[in-house]
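Work through the exercises below with the structure in view. Each task is followed by its solution in steps.

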Amino acid sequence: MFHKTYQMNTPLVSINIPVYKCENYIIRCLESVKNQTYQHLEIILVNDCTPDNSFQLIEKFSESNPNLTIKIIHLESNQGLSVVRNRGIDESIGKYIYFLDSDDDITVDCIEKLVENVLINNTEMVISQNRWMNTFDQSTKDFGFPTLSKKKVYQTNSEIFEAYCKGFFPVSSWNKLVDLDFIKQNKIYFIPGLYAQDELWMFHCMEKINSLSIIDNITYNYYLHANSVIFNRTKRNSENHQTILEWIVKSYRNTSDSNRKKLIRGWIVNFKKLIIQMQWKVLKDEEYYKINYNRMKKAPSLTFSDYLSSDFSKEQKKENLLLNLPTNIGFKIFKKRYEG
C-alpha cells in the first residue's frame, strides 16, 4: 500500500474501458476498478452505440458511486474498437493510461503494483502477467498470454525492439500501464477499421519507446467465453492480418538500420506462420489460402546471409523456406504438415 506521506503526489491513472455489448460483464469489470488499493484514478468509458443495456447499468453504477471519477463519452455512430480506444486516449488526462476490456477484470492491487514499478524504474511502460478464466469449464490458467522476458528493466529502444521482435512481450494493449505523453507525443494511435488492432499498435509502440519494465505479478483476468475474440475469427480477421503485415513492411522499408531490418524480417516470418495457420484452422479454404500465401510472399523474407547467421533459429529458417515456395507446392506441404 502507498504510504500516506506521499499519497497526495501519486500520479493520476486513466483507466480506459470500451462499452459495446457488455451488459453481462461490465459491472464485474467496474467493481474491480472500484476496489483498487490505488485510488487516484479516472474511469473513461466510451460507448460505441451499444445496443444492449450496458449503458443503463453503467449509469446506475455511476450514481451509486459518486466518489469515483467517471467520464462517459458517447460516439454518434458505431465505429469499432480502434476509434473507441483513440477517443479514450484523447479524453484521458492522467499521467498514465491503462486499457481494460469490459469483459475482463483486474486484481485488487493491479494499479498499485504497476504504479509502484513505473515510479521506481522511471519507465514509459510497465507490463505484468495475466490469468485466463475459462467460463466453459471454470478452470484457470496462469500466464495465458505470457511476458517471457527474463530481463525486468529495459532502458534503450534497441533492446526493447529486439526483445519484442523475439516474442518476449504479449501484443495485447490491455494490462500495460503506459505514459500518456509518450502515446500522444508520438501519435501512437490505433488504426481505424482493424479488427485485430492491438498487434499493430504494440509494434508502433515498440518502434518508439525508450524504457520498459516488467513485473511477474498476475494483475489481469482475461475471460474466455463464447464471445471472446479468439473464438470468433473470420475471413475479416485474416484480411486484417494482411493489412497489419503491409504496415510492418512500410516500417521495414522506412528504416535504414540494418539490424532493425533483420529483426523485422524475423518478426515477419513468425507472423506469417501464425496467420497462415490461424486462417486455415478457421476457414479451411484452399483458394483463399493460396491467395494469401502469394500475397505474403511479397513481404521481406530471410536473406542468404540470414541463413548463415545464428540470429535466426532453425525453425525460422525452415518456415521462411516453406512460406516462399511455388504456391501449389507450398499448399501441399502445408496441408500434409498440419493435417497429415
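**Exercise 1.** Is Glu91 buried, partly exposed or exposed?

Solution. The model is predicted, so local features need pLDDT of at least 70 and side-chain atom pairs pLDDT 80 or more, while totals for chains, interfaces and linings use all residues. Residues are numbered from 1 along each chain as its sequence is written, and side-chain values use heavy atoms, leaving out hydrogens and water.
Step 1: buried means under 20% relative accessible area, exposed over 50%, and partly exposed in between (1.4 Å probe, protein chains only).
Step 2: the relative accessible area of Glu91 is 23%, so Glu91 is partly exposed.

**Exercise 2.** Find the salt bridge between Arg87 and Glu91, and place both residues.

Solution. Step 1: a salt bridge needs a side-chain nitrogen of Lys or Arg within 4 Å of a carboxyl oxygen of Asp or Glu.
Step 2: Arg87 and Glu91 meet at 3.0 Å, N to O.
Step 3: both lie in helix α3 (residues 81-91), four residues apart, about one turn of the helix; helices are DSSP runs (H or I, at least four residues) and strands likewise (E, at least two), numbered from the N terminus.

**Exercise 3.** Which parts of the chain does the pair of Asp105 and Arg28 tie together?

Solution. Step 1: the closest N and O atoms of this salt bridge are 3.6 Å apart.
Step 2: Asp105 belongs to strand β5 (residues 105-106) and Arg28 to helix α1 (residues 26-34), so the pair joins parts 77 residues apart in sequence.
Step 3: Asp105 is buried at 7% relative accessible area, whereas Arg28 is partly exposed at 31%.
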